[in-house]
Protein chains: 2
Amino acid sequence: GARVADEKTSGRASSEGASADVARSCTNRARVTPSFYIMFKTPKHQVAGHQAIDGNLGPLVDDSGRFYKPLQDDERGTTELAFYQSFSSKLPHHIRGLFPVFYGTQLVEASDGSGLRPHLVLQDITSNHLNPSILDVKIGSRTWYPEASEDYIQKALEGDRLTTTVTLGFRISGLQIYESKESGYWKPARKEVKSFSADDVRLVLRKFVSSNLEPEPDCCFASTIYGGCSGILEQLLELKAWFEDQTVYHFHSCSLLLLIDKESVLNGRTVPFVEVKLIDFAHTVEAEGVIDHNFLGGLCSFIKFVSEVLTDSKASTIEASFN
Amino acid sequence: GARVADEKTSGRASSEGASADVARSCTNRARVTPSFYIMFKTPKHQVAGHQAIDGNLGPLVDDSGRFYKPLQDDERGTTELAFYQSFSSKLPHHIRGLFPVFYGTQLVEASDGSGLRPHLVLQDITSNHLNPSILDVKIGSRTWYPEASEDYIQKALEGDRLTTTVTLGFRISGLQIYESKESGYWKPARKEVKSFSADDVRLVLRKFVSSNLEPEPDCCFASTIYGGCSGILEQLLELKAWFEDQTVYHFHSCSLLLLIDKESVLNGRTVPFVEVKLIDFAHTVEAEGVIDHNFLGGLCSFIKFVSEVLTDSKASTIEASFN
């Protein structure tokens, strides 16, 4: 494994050395837990990002609740690894739970068949959920940042202008919404998701907390999933309070992953399972004493969208009780 | 007066008809208060924007506390006039005081000698102040917006990337800080202001509330000007709370004007005179159900900068009292 990584190292720019360094340092780890004892699978519930299908490079999961994300062999990999190695000591305790657990790095047979490759080992948020509904929301009214290359800036800016990123301060990058055994999932194609308008986003946020999606989403889970003291809104407000003050990181092109399990009520829970996590830190940079106003503004906009679904559903519940 | 305006109308695109319409409708007003009875002067304390010097077109003031802003004869004029005509009915009472009073429009002899021209008649915030210190802070991490022309977008984006707009979410557009009878004002040239770094901004915010600017700003007014229940920070937090909820306007390229009169203490006030106003609405558009996340993010960043000066000055006061 080390050899493969070492070979790849030669001829690389210095900023691209991260995955090679990791390959060397995690060889021992791979010996302790040899990857051939672990059954790696393609994630069932991935809604955005590179996918490990048809021999492409993408993340893998195992049966023990771990998610293996290939470490990109350029500065994106360096940046994301540096983030995961440092974040737990830099975040207040009550915020740490809003990030996936990081278990280190490991050499794993890459999903594209290119041999052993360093992967970030993270918590698999979807494990233990048969039919999770998931929203991937990229937060911020710009995904580019001054330190990036001019080429990256122009491409990112173009994407931001073509999606709701500029207008809403966030965009939905991917989603799947479970409806029922009969109807299964609603999982629109990436192209469709990319062209979402503000009204499409409003509809998605209503469908996300509905039992029946058609013809009109019933929003029957709005008060328990968006509302309540451990609901999504409360967790977003906690995140917002931290962003109003934190000058540690600027999270460019970072996503908010919302996972809910509406069926968990059937399994004895009184409220549906709800999870809020920040993911994707390949463009996270140091804040240099300034708050992440780009993320904060977008987060506040998203909070407003979510709270409107909650308010509307309360209003219609009151209306229904009077009729 | 009406004739001049009517002549100018011919050949104009429909979006450019605003100042002509106003010229017509405010002819009567001009007859009631003929402009030749009023002594118009160039504002003494203008720190940003077009200036009425050397025969250029710029704003004027009179002796009764009114500020006359030439109505631009393109869609910027239309937009700003529409804003002033509608804002008071659309804003909650406690927020209205953060905007200049609007007295209507009036035909006034233009400062560039081009004849009678429609002007917005606004409250002159600097009146009654002999030596005001003023900061003009353009809020938002972008001054462009999707509805603008591609040419405007590219120029605005370039300016945003060259100043602190992108990095800090705001930029200082102009300032004057009164020090003393002997030293007078510190009023850096526009070119210098444009090239301010984050650290320059921090220094300006310290000097703004200081009695002695050199060699180290003493920040002796920090607690009374930034702090306190009617201080700048409290007013900014009120504005922030409104921006977290309001979906009426998006304020692009709008400025926060901070005016303080440190000398007012000498005239019997217990705390220095402090005024916070939003100005410049030539690019204010309808919000279409979305919060102004661009303004909100920048405002939160500016609030953090101000609160850090306050915190630091408190810390050094405590330190001093122990030494």
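**Warm-up.** Which residues have the most contacts inside the largest nonpolar core, and how many residues does that core have?

*Solution.* Before starting, note that this is a predicted model, where local features need pLDDT of at least 70, side-chain atom pairs count only at pLDDT 80 or more, and totals for chains, interfaces and linings use all residues. Residues are numbered from 1 along each chain as its sequence is written, chains are lettered from A and ligands numbered from 1 in the order written, and side-chain values use heavy atoms, leaving out hydrogens and water.

Step 1: pin down the term. A nonpolar core is a set of buried Ala, Val, Leu, Ile, Met, Phe, Trp, Tyr and Cys residues joined through side-chain atoms within 4.5 Å; buried means under 20% relative accessible area, with a 1.4 Å probe and protein chains only.

Step 2: read off the result. The largest core has 122 residues, and Phe99(A), Leu256(A), Phe99(B) and Leu256(B) have the most contacts inside it.

Step 3: look for another one. Apart from that core lies a core of 16 residues, among them Ala148(A), Ile153(A), Val166(A) and Val285(B).

**Exercise 2.** Work out how the two domains of chain A meet.

*Solution.* Step 1: find the bounds. The domain assignment, which is automatic or from a database, gives domain 1 (7–123) and domain 2 (133–322) in chain A.

Step 2: count the contact residues, with contact meaning heavy atoms within 4.5 Å. Domain 1 of chain A puts in 25 residues and domain 2 of chain A puts in 25 residues.

Step 3: get the buried area, that is, the accessible area (1.4 Å probe) that two parts lose on being put together, summed over both. Here that comes to about 2,100 Å², with carbon and sulfur atoms giving 61%. Val47(A), Phe83(A) and Leu98(A) supply 31% of the area that domain 1 buries against domain 2, more than any other three residues.

Step 4: check for salt bridges (a side-chain nitrogen of Lys or Arg within 4 Å of a carboxyl oxygen of Asp or Glu). The rule finds one across this domain interface.

**Exercise 3.** Describe how chain B sits against chain A.

*Solution.* Step 1: superpose the copies by least squares on the C-alpha atoms of residues with pLDDT of at least 70 in both. A turn of 180 degrees and a shift of 0.0 Å along the axis lay chain B on chain A with an RMSD of 0.0 Å. So that's the relation of a two-fold axis.

Step 2: compare the surfaces. Both copies use the same one, since 100% of the contact residues of chain B recur in chain A.

Step 3: size up the interface. The contact takes 31 residues from each of chain B and chain A, and the chains bury about 2,300 Å² between them, 58% of it on carbon and sulfur atoms.

Step 4: count the salt bridges. There are six between the chains. Arg161(B) and Glu150(A) meet in a salt bridge at 2.9 Å, N to O.

Definitions and conventions:
Buried means under 20% relative accessible area, exposed over 50%, partly exposed in between (1.4 Å probe, protein chains only).
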